[in-house]
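I opened this entry to record what I looked up in the structure, beginning with the sheet and ending with the chain as a whole.

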Amino acid sequence: MKIAGLDLSMTSPGLVVGDISAKEFTDLQFYGFQQKKKQVTKAHVKLALYPLYSTPEERFDALSQWALDILVAQGVTRVFLEGYAY
């Protein structure tokens, strides 16, 4: 079963996807954003360019669509959210 953990930060969200079928989490994939295009040397880290937006609503929509696209593509069946800071 594939699970995901989401950090829904307002400025730089990230997520991790792993398979809990194995006894160890050896196949973790990490996703996040970067401001400038640069090479990432780790195969298990995927960084996307931060999306362009005109309004806060466009930014929220683009970030949520980014997360949904990854979750669906990876076949995630359970998602866990980090607790909000107050």
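I looked first at the sheet, which is open and built from 5 strands in the order S4-S3-S2-S1-S5, with mixed pairing. Its edge strands, each pairing on one side only, are S4 (45-49) and S5 (78-81). From one strand to the next the twist averages 20 degrees, with axes being lines fitted to C-alpha atoms and angles running from 0 to 180 degrees between N-to-C directions. I took two strands as paired if DSSP finds at least two bridges between them, and helices (H or I, at least four residues) and strands (E, at least two) as DSSP runs numbered from the N terminus.

I noted that this is a predicted model, in which local features need pLDDT of at least 70, side-chain atom pairs count only at pLDDT 80 or more, and totals for chains, interfaces and linings use all residues. Residues are numbered from 1 along each chain as its sequence is written, and side-chain values use heavy atoms, leaving out hydrogens and water.

I then followed one pairing: S1 (residues 2-7) runs antiparallel to S2 (residues 14-19) over 6 bridges, and Gly5 has Val16 in S2 as its bridge partner.

Val16 is also among the residues touched by Gln29 (contact means heavy atoms within 4.5 Å), together with Leu15, Val17, Ala43, His44 and Lys46, not counting residues up to four places away in sequence. Gln29 lies in S3 (residues 29-34).

Finally, I recorded that the chain has 1 helix and 5 strands, following the pattern β-β-β-β-α-β along the sequence.
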